[in-house]
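Hi,

Here is the structure I said I would send over. Have a look at it first, and my notes on what turned up follow below.

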Amino acid sequence: MVVPQREESRDVPELDAAAVERWRTGGGLLIDLFAQARDTHGPVAAVRLGDRPTVVVSGAEAVRQVLAVRPDVYVKRSHRARVLVGDGVLSATGEAWQRQRRMLQAQFTGRGMRRYEQRIAAAARTTAARWDAYARTGELFDLGEEMRRFALDTVWRSLTGHALDDATDRELAAVPQVVAALPSLPADGASAQRAVAAELARIDAVAHRAVAAARDGGPGPEGPGLLRVLVEAADTHPEYTDRLIRDELVTLLLAGHETTATTLTWLHLLLDRHPGERARALAAGPEGSPERQRAIAALVHETLRLYPSAWILPRWAAADDVLDGYAVAAGTDIVVCPYLTHRDPELWDDPEEFAPSRFTVPGRRPAHPGGYFPFGVGPRACLGAQFALRETVALLELLLPAHAPRFRSVPERAAYGITVRPDGPTPAVLAG
């Protein structure tokens with residue numbers, strides 16, 4: 001690999017210490033600091049939160065260089081959710097990640113995806129039937145919780161061949177509890193494990209039962225699930241121990257429902273503020289038509305633009321490099337920020353506006369691959385992107401024509417954790 005010479009570049013501009021101190025004492029969110037760095041110094045800027053600066057990357061070309069062009073230079077060292085997902089593909093690195101990625105890749109493309117179509121449709125019908133009951137009774141329900149239940153049901157069917165039952169749903173509520181606790185957990189891994197030991201024990205018990213059933217029992221009512229693929233992999237890949245299978249199961253549960261549920265919750269909140277967009281999507285074509293599907297997919301994409309599945313993508317420079325004309329020394333922490341890229345006025349007209357037509361009208365979205373990447377870009381892009389888009393559209397095809405939720409209250413702000421989620425409950429009733 002040829003690395004540009006350092007003398008061809010200049011130092012990354014850094015937000016001054018006074019601005020960082022004002023942010024720190026003012027109780028601002030991390031995204032506020034990153035946005036200030038971008039607004040002050042441009043799409044490659046640095047902030048200093050400790051002894052060394054962190055480089056914040058939001059420009060499209062720099063994003064592409066970090067994530068797609070030089071992934072061997074800008075590497076992933078760990079994941080904030082490691083206490084939960086262990087050595088699953090989300091947190092794995094190096095050769096282990098490459099092996100695990102290859103194992104799962106075929107399950108989420110082409111023929112692999114077709115295997116899950118009926119399971120996605122069944123989960124969507126189950127949710128739609130529950131919403132029909134809410135509409136008849138006028139029952140108050142939490143929309144975010146409903147979206148979580150749907151997304152978890154979908155991934156559980158795909159993993160095990162069984163619909164999600166109430167007992168398993170209650171036990172797996174420990175997953176979002178651990179996720180919510182992650183920002184406040186101790187940095188030390190053992191201490192972090194102890195802090196959420198009870199929740200991890202509940203998750204491990206569910207995983208143990210599911211792995212045992214996949215190994216010893218027949219296929220579920222909907223056929224064998226992805227978990228069976230992992231169990232059978234142990235016959236020829238000794239690294240697939242029970243612990244690694246557990247880690248992959250929990251990784252897929254987390255990645256397969258947390259982000260989808262959050263996207264669907266934001267989408268309904270946005271449609272509550274912009275009811276005309278719901279009407280326009282439904283008017284795009286008759287039920288089941290490609291035109292309506294494209295219009296609903298545009299609602300999803302615009303939601304993901306404003307609230308990408310992962311709002312930051314941390315990397316670490318394994319070697320010296322020049323990024324967008326700036327010198328980046330080996331050992332530098334890098335944060336790619338889709339949230340800022342997707343709201344960059346240099347890339348998007350009226351970036352704070354909810355305008356799904358960006359994804360149906362030619363020329364309304366940036367052509368650069370680094371301008372829109374809610375699932376990442378490059379070799380570590382999300383494996384389940386196609387799965388997530390298919391399940392969201394499948395559910396919305398059933399819900400949007402029949403129901404328009406009326407919120408009793410809405411969260412006033414977003415919470416920036418692993419995902420960008422509404423910071424509070426979303427109580428609603430249904431109207432046709």
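The buried residues of helix H13 are Leu226, Leu227, Arg228, Leu230, Val231 and Ala233. That is 6 of the 8 residues in H13, so the helix is mostly covered by the buried definition. The cover over those buried residues includes helix H5 (94-105), along with H8, H12 and H14. Before you read on, please keep in mind that this is a predicted model.

The odd one in that list is a charged residue, arginine 228, which sits in H13 (residues 226-233). What does arginine 228 have for a salt bridge, given that it is buried? It has none: glutamate 232 is the nearest side chain of opposite charge, and it is 4.1 Å away. A salt bridge needs the nitrogen and the carboxyl oxygen within 4 Å, so a pair at 4.1 Å does not count. The side chain of arginine 228 does have a polar partner in the backbone, though: one of its polar atoms lies 2.8 Å from the backbone oxygen of alanine 214.

Now for the charged pairs that do meet. The search of the whole structure came back with 25 salt bridges. Here are three of them.

- Aspartate 169 and arginine 149 are joined by a salt bridge at 3.1 Å, N to O. This pair links distant parts of the chain, with aspartate 169 in helix H9 (residues 166-172) and arginine 149 in helix H8 (residues 143-160), 20 residues apart. Aspartate 169 has 8% relative accessibility, so it counts as buried. Arginine 149 is at 17%, and therefore counts as buried too.
- Arginine 157 and aspartate 153 form a salt bridge at 3.0 Å, N to O. Both residues lie in helix H8, 4 residues apart, which is about one turn of the helix. Arginine 157 is buried, with a relative accessible area of 6%, and aspartate 153 is buried with a relative accessible area of 6%.
- Aspartate 247 and arginine 246 make a salt bridge at 2.9 Å, N to O. Aspartate 247 and arginine 246 are both buried.

The aspartate 169 and arginine 149 pair also belongs to a wider group. Which residues are linked in that network of salt bridges? They are Glu145, Arg148, Arg149, Asp166 and Asp169.

Next, a helix crossing. Helix H14 (residues 242-273) and helix H16 (residues 290-306) have axes that come within 9 Å and cross at roughly 100°. That angle is why H14 is described as roughly perpendicular to H16. On the H14 side, the contact is made by Thr263, Trp266, Leu267, Leu270 and Leu271. On the H16 side, Leu299, Val300, Thr303, Leu304 and Leu306 make it.

While you are looking at H14, find threonine 259, which is placed in that helix. Is threonine 259 buried or exposed? Threonine 259 is buried, because its relative accessible area is 17%. Its side chain reaches the backbone oxygen of alanine 255 at 3.2 Å. If you set aside the neighbours within four places in sequence, threonine 259 is in contact with Leu254, Ser309 and Thr419.

Two loop residues are also worth a look for their backbone angles. Aspartate 324 is not a glycine, yet it has a positive phi of about 55°. Aspartate 324 is found in the loop between strand S7 (321-323) and strand S8 (326-328), and at 39% relative accessibility it counts as partly exposed. Aspartate 350 is another residue other than glycine with a positive phi, here near 45°. Where does aspartate 350 sit? Its place is in the loop between helix H17 (338-341) and helix H18 (385-402). Aspartate 350 is exposed, with a relative accessible area of 55%.

Last, a pair for getting your bearings. Alanine 205 is in helix H12 (residues 197-216), and its 31% relative accessibility makes it partly exposed. From alanine 205 to glycine 325 it is 51 Å in space, C-alpha to C-alpha, and 120 residues in sequence.

Cheers

Key:
Residues are numbered from 1 along each chain as its sequence is written. This is a predicted model: local features need pLDDT of at least 70, side-chain atom pairs count only at pLDDT 80 or more; totals for chains, interfaces and linings use all residues. Side-chain values use heavy atoms; hydrogens and water are left out. Buried means under 20% relative accessible area, exposed over 50%, partly exposed in between (1.4 Å probe, protein chains only). Lys and Arg count as positive and Asp and Glu as negative; His and the chain ends are not counted. A polar contact is a pair of N or O atoms within 3.5 Å; within protein, one must be able to donate a hydrogen and the other to accept it, and residues adjacent in sequence count only if both atoms are side-chain atoms. Axes are lines fitted to C-alpha atoms, for helices over the stretch in contact, and angles run from 0 to 180 degrees between N-to-C directions. Angles under 35 degrees count as roughly parallel, over 145 as roughly antiparallel, 65 to 115 as roughly perpendicular and the rest as oblique. Contact means heavy atoms within 4.5 Å.
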